[in-house]
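Hi everyone, thanks for making time this morning. I'd like to walk you through a structure, so let me put it on the screen.

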Amino acid sequence: MQTPLIIMLAVGLLLGFGAGYVMHRSDYCVAGMFRDLFLFRRTLLLKTLVLLVGLSLVLFELVRLSGLVTVPFPFFGPPSGVNLVGGFLFGIGMVLAGGCVVGTLYKLGAGRFPSLLALVGLIVGSTLYAFIHPAWAAFSRMFALPTKAVTLPQLLSLPPWLLTIPTGCLLLGCVVVWFRQGTLRQNGVVDGYLQPWQAALWLALIGTVSVLVLGMPMGITTSYSKAGAVALQAFSPELVAGIPYFQLQPLNYLPPLGGGPLTGGPGPALDGVALVQFPLIIGIAAGSALSALLLGEWRMHLRLPWRQVVSALLGGLLMGLASRMAPACNIWHLFGGLPILAMQSLLFLAGLLPGAWLGGLLLNRLVMPAVAE
Amino acid sequence: MSSTSCKQVDLRGQICPSTLLIALREVNSHKELLRSGEGCLVFLSDNRSSVTHISDAVSSMGYRVEVNKEEGHYRVAICGA
């Protein structure tokens with residue numbers, strides 16, 4: 001393997017590890033941010049997301065101005081109505097699953113059984129998408145917005161810094177006000193607690209290093225389809241070879257560190273997608289596991305009410321399907337797409353909010369017992 | 001407070017945010033017992049986020065909350081102010 005690719009692999013592992021550790025310490029659950037806004041009217045975590053996005057807007061723009069990285073990043077494309085629908089379904093799924101795609105990983109790393117169920121659902125849902133891909137792709141083209149622009153600055157034919165830097169500064173200004181009001185902190189009663197605003201700072205830095213070294217923000221969802229393709233291939237290589245979705249190569253770019261073009265897709269091959277995403281996945285779970293072990297909190301309780309078993313499995317499945325339909329997950333769009341003002345990500349967010357609201361309603365009405373069982 | 005007047009609810013391993021939802025429902029349905037000072041509620045949870053939120057929410061409702069770490073989980077005791 002070439003040296004730049006080995007560095008990418010090692011850095012991906014380290015970034016994932018750092019993200020997993022930080023997310024466990026502060027329980028930085030993005031699904032929880034949106035769910036708790038509607039279920040408990042809690043806004044603290046969402047305010048820290050504003051900090052994360054605001055800081056990333058500035059940092060990503062500085063990286064782009066350095067000329068080291070091309071924006072928009074790989075995988076991003078022109079907007080379509082399906083981004084909105086995908087975000088909506090993803091919002092329902094992440095609330096029912098008890099965590100988003102990355103949340104499921106760090107919670108699983110810390111030994112949470114519902115997250116293991118959600119992961120199974122995620123892989124099944126991401127794999128099922130392969131069978132509906134031709135119809136969904138046609139649907140996506142039908143509802144494509146009338147533009148080839150990927151980001152808002154491209155749409156408005158403006159230099160990106162003219163929109164990203166003022167937007168970032170405006171968001172950071174809000175954060176300063178909240179900080180002064182004391183609404184960005186909460187009383188940590190658990191061991192080794194990291195304030196969520198500190199986690200947001202770390203995650204913005206991790207995202208920036210990811211952009212610098214990997215050439216794109218953190219994203220992992222294509223790998224779930226890949227995992228499903230590998231499992232299917234073990235049973236029937238002919239079936240996998242005959243499914244058009246598994247032959248796609250949506251990743252095709254020049255990594256910043258060199259080493260030539262990197263390509264990859266959701267098929268079972270160990271390709272560029274595996275190189276970029278697998279280390280992140282392993283790192284997130286391992287970082288969280290180490291954090292939990294150091295605190296003496298790693299335990300897996302297998303006893304779970306049946307309603308929650310169904311919720312985790314179905315939520316994971318819906319989230320897996322939606323992450324392919326959107327395409328991509330909340331971490332990709334919120335941590336990586338919003339900071340470059342990608343229109344796909346703005347539509348995803350617009351769908352995610354009502355999705356999280358409906359997910360919370362379903363969870364409260366159908367999954368939760370009236371009193372403790 | 002005698003241990004016989006305490007109701008213990010084991011919420012370890014549950015999906016987010018059931019720990020918090022169940023704890024809040026339990027607190028609401030045992031309001032009078034808690035206010036009278038004749039009883040308390042104890043929740044066992046391994047969910048770091050829920051432990052923080054329960055403590056925060058129940059304190060703001062005027063109850064006394066005590067959080068202690070036990071083997072691999074937290075014990076959240078709630079009693080009247």
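**A walk through chains A and B**

Let me start with a pair of helices in chain A: α6, residues 113-142, and α13, residues 306-325, whose axes come within 6 Å and cross at roughly 40°. The crossing of α6(A) past α13(A) is right-handed. Sorted by class, the residues in that contact are 20 nonpolar, 8 polar and 1 charged. Before I go on, please keep in mind that this is a predicted model.

Here is a second pair in chain A. Helix α1, residues 3-26, packs with helix α12, residues 272-294, at an angle of about 35°, and their axes are 6 Å apart. α1(A) and α12(A) also make a right-handed crossing. Their contact has 21 nonpolar, 9 polar and 1 charged residues.

Now let's zoom out to chain A as a whole. Its secondary structure comes to 15 helices and 2 strands. The radius of gyration of chain A is 20 Å, where the globule rule gives 21 Å for 373 residues, so chain A is as compact as a globular protein of that length. If you prefer a box, the C-alpha atoms of chain A fill one of roughly 55 × 55 × 40 Å along the principal axes. Of the 373 residues in chain A, 56% are buried. And among the contacts in chain A with a separation of 6 or more, 83% are between residues 24 or more positions apart.

So what sits in the middle of things? The largest nonpolar core has 135 residues, and the members that touch the most others are L52(A), L89(A), L203(A), L318(A) and I331(A). The helix that gives the most to this core is α4 of chain A, residues 81-97, with 11 residues. Take L318(A) from that list: setting aside neighbours within four places in sequence, L318(A) contacts L89(A), I92(A), G93(A), L96(A) and G125(A).

Next, a helix I'd like you to find on the screen: α2 of chain A, residues 30-39. How many of the 10 residues of this helix are buried? The count is 8, so α2(A) is mostly covered. Those buried residues are V30(A), A31(A), G32(A), M33(A), F34(A), R35(A), D36(A) and L39(A). They pack against α3, α4, α5, α14 and α15 of chain A, together with α3 of chain B.

Let me stay in this part of the chain for some backbone details. As a reminder, most residues other than glycine have a negative phi, and most peptide bonds are trans. R41(A), just after α2(A), takes a positive phi of about 55°, and R41(A) lies in the loop between α2 and α3 of chain A. L341(A) also has a positive phi, near 55°, and is found in the loop between α14 and α15 of chain A.

Which of these two is buried and which is exposed? R41(A) is exposed, because 7 other C-beta atoms lie within 10 Å, and the cut-off for exposed is 12 or fewer. L341(A) is buried, because it has 24 C-beta neighbours inside 10 Å, and buried takes 20 or more.

There are cis peptide bonds to look at too. The bond from V71(A) to P72(A) is cis, with omega near 5°, and P72(A) is in the loop between α3 and α4 of chain A. The bond from A326(A) to P327(A) is cis as well, with omega near -15°, and P327(A) lies in the loop between α13 and α14 of chain A.

Over to chain B. It has 3 helices and 4 strands, in the order β-α-α-β-α-β-β along the sequence. With 81 residues, a compact globule would have a radius of gyration near 12 Å, and the 12 Å of chain B agrees. Buried residues make up 42% of chain B. One of them is H53(B), which counts as buried because it has 25 C-beta neighbours inside 10 Å; H53(B) lies in helix α3 of chain B.

Finally, how do the chains meet? The contact takes 25 residues from chain B and 28 residues from chain A. On the side of chain B that touches chain A, α1, α3, β3 and β4 each supply at least two residues. That side of chain B divides into 9 nonpolar, 9 polar and 7 charged residues.

That's my tour, and I'm happy to take questions.

Note on methods: Residues are numbered from 1 along each chain as its sequence is written. Chains are lettered from A and ligands numbered from 1 in the order in which they are written. This is a predicted model: local features need pLDDT of at least 70, side-chain atom pairs count only at pLDDT 80 or more; totals for chains, interfaces and linings use all residues. The radius of gyration is taken over C-alpha atoms; the globule rule is 2.2 Å times the number of residues to the power 0.38. Two residues are in contact if their C-beta atoms, placed from the backbone, lie within 7 Å. Ala, Val, Leu, Ile, Met, Phe, Trp, Tyr, Cys and Pro count as nonpolar, Asp, Glu, Lys and Arg as charged, and the others, Gly among them, as polar. A nonpolar core is a set of buried Ala, Val, Leu, Ile, Met, Phe, Trp, Tyr and Cys residues joined through C-beta atoms within 7 Å. Axes are lines fitted to C-alpha atoms, for helices over the stretch in contact, and angles run from 0 to 180 degrees between N-to-C directions. A crossing is left-handed if the near helix is turned anticlockwise from the far one by less than a right angle, and right-handed if clockwise.
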